[in-house]
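Reader: I should be grateful for a close look at a single part of this structure. Please take one element and describe its surroundings in turn.

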Amino acid sequence: MKFAIALLVFAGVFSIGCKSSSEKNKIIGKWTVDKAFAERTKYDLPMQADYIDSTLNKKYGGNVYDFMEGGKLTITDANGQIQGTWEMLKDEKNGNKELSAIKMKGEGWEELWVPGSGESLFYMKDIDNALYAKLVISRDGTSFFYNLSKNK
């Protein structure tokens, strides 16, 4: 009987540990855009790229994304706040395994964040307070990058 109780306690602790380490749970909270910059091609002129990055930073730098439990989202920028929803996308090849991509949408807008490099939005596996996201904005097809840090 003691073995069965110990096994149940272990299973409960293990499931809590697994749940808290999921990327969906790590995303919940407020994230500030530290830097926004354009995707580079070999045809970009350095001065043109610098101008684009400066413009992106003026528009998006400092914006705060507040990912809440239940899929609610608030984005705060210099003009105020907008509301929306968010969800983690699933990798259908692997069943319900989370894929580190976030789809956000609200009235008249939609954003998709995919990993800027590698397989995760997080910079490194053990660091939960820094994101590197490539934004794919559906309305005009452009994409650019965000470096974000989690507010404490």
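What should the 15 residues of helix H3 (residues 46-60) span at 1.5 Å a residue, and how far apart are its end C-alpha atoms?

Author: The model is a predicted one. At 1.5 Å a residue, helix H3, with its 15 residues (46-60), should span 21 Å. The end C-alpha atoms of H3 are 21 Å apart, so the expected span and the model agree.

The two sides of the helix may be taken next. Ala49, Asp53, Leu56 and Tyr60 are the buried residues of H3. Because these residues cover an arc of only 65° around the axis, they lie on the same side of H3. The other side of H3 carries exposed residues, namely Met47, Asp50, Tyr51, Lys58 and Lys59. Here a residue counts as buried under 20% relative accessible area and as exposed over 50%.

The buried residues of H3 pack against two strands, S1 (29-38) and S8 (143-150). Strand S1 is itself mostly covered, with 7 of its 10 residues buried. S1 and S8 also pair with each other: 7 bridges join them in the antiparallel sense, and Lys35 stands opposite Asn147 of S8. Thus H3 packs, through its buried residues, against two strands that are paired with one another.

S1 has a further partner in strand S2 (residues 64-67), to which 4 bridges join it, again in an antiparallel arrangement. Within this pairing, Thr32 has Val64 of S2 as its bridge partner.

As for what comes after the helix, H3 is followed by Gly62, which has a positive phi, near 90°.

Key: Residues are numbered from 1 along each chain as its sequence is written. This is a predicted model: local features need pLDDT of at least 70, side-chain atom pairs count only at pLDDT 80 or more; totals for chains, interfaces and linings use all residues. Side-chain values use heavy atoms; hydrogens and water are left out. The expected span of a helix is 1.5 Å times one less than its number of residues. Buried means under 20% relative accessible area, exposed over 50%, partly exposed in between (1.4 Å probe, protein chains only). The arc is that of the directions from the helix axis to the C-beta atoms. Contact means heavy atoms within 4.5 Å. Two strands pair if DSSP finds at least two bridges between them.
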